Amino acid sequence: MNQPIELSLEQQFSLRSFETQVERMSREQAQQFLIKLYEQMMLRETMYKQFLKHQWGIEAGPQF
């Protein structure tokens, strides 16, 4: 597991496309975009945590 993780060719293309879109944004647009992106990252992290708790059977709450 010491191999570096690399993006697929499709992901690299998507990243380049994203870079182009960001370069065309105004400063205000970029700031709002970063705020939304950060929110989505936090939501994804929360969903992963909930999914893992469910899969591992360690959810808090009453067990019936």
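Student: Let's start with A30. Which helix is it found in?
Tutor: A30 sits in helix 2, which covers residues 27–56. Keep in mind that this is a predicted model.

Student: Is A30 buried or exposed?
Tutor: In between: A30 has 22% relative accessibility, so it counts as partly exposed. The cut-off for buried is under 20%.

Student: And how far apart are A30 and L15 in space?
Tutor: Going C-alpha to C-alpha, they are 16 Å apart, with their positions 15 residues apart in sequence.

Student: OK, new topic. How many aromatic pairs does a search of the whole structure find?
Tutor: One. The partners are F18 and F33, and the pair is tilted, at 5.5 Å centre to centre with 45° between the planes.

Student: Which parts does that pair tie together?
Tutor: F18 lies in helix 1 (residues 9–23) and F33 in helix 2, so the contact links parts that are 15 residues apart in sequence.

Student: What's the relative accessibility of those two rings' residues, F18 and F33?
Tutor: F18 is at 32%, which makes it partly exposed. F33 is at 30% and also counts as partly exposed.

Student: Which residues make the nonpolar surface patch?
Tutor: L7, L15, F18, V22, F33, L34, L37, Y38, M41 and M42 make it, and the patch comes to about 870 Å². So both members of the aromatic pair belong to the patch too.

Student: Which helix gives the most to it?
Tutor: Helix 2, with six residues. Helix 1 takes part as well, since each of the two helices supplies at least two residues.

Student: Take L34 from that list: buried or exposed?
Tutor: L34 has 55% relative accessibility, so it counts as exposed. It is found in helix 2.

Student: Why does the end-to-end distance of helix 2 agree with its residue count?
Tutor: Because 30 residues at 1.5 Å a residue should span 44 Å, and the end C-alpha atoms are 43 Å apart.

Student: What follows helix 2?
Tutor: G57, and its phi is positive, near 70°.

Student: Zooming out, what does the secondary structure come to?
Tutor: Two helices and zero strands.

Student: What radius of gyration does the protein have?
Tutor: 18 Å, whereas a compact globule of 64 residues would have one near 11 Å. Along its principal axes, the C-alpha trace spans about 55 × 35 × 20 Å.

Student: What share of the residues counts as buried?
Tutor: 0% of the 64 residues.

Student: Last one: what's the accessible surface?
Tutor: About 6,800 Å², with 59% of that belonging to carbon and sulfur atoms.

Key:
Residues numbered from 1 in each chain as written. Predicted model: local features only at pLDDT ≥ 70, side-chain atom pairs only at ≥ 80, totals over all residues. Heavy atoms only, no water. Helix = DSSP H or I, 4+ residues; strand = E, 2+ residues; numbered from the N terminus. Buried < 20%, exposed > 50% of the residue type's maximum accessible area, 1.4 Å probe, protein only. Phe/Tyr/Trp six-rings, centres within 6.5 Å; stacked < 30°, edge-to-face > 60°. Patch = residues over 30% accessible without salt bridge, like charges linked within 9 Å, V, L, I, M, F, W, Y side chains within 5 Å. Areas by Shrake-Rupley, 256 points an atom, 1.4 Å probe, with all protein chains shown as cover. Salt bridge = Lys/Arg side-chain N within 4 Å of Asp/Glu carboxyl O. Expected span 1.5 Å × (residues − 1). Rg over C-alpha atoms; globule rule 2.2 N^0.38 Å.
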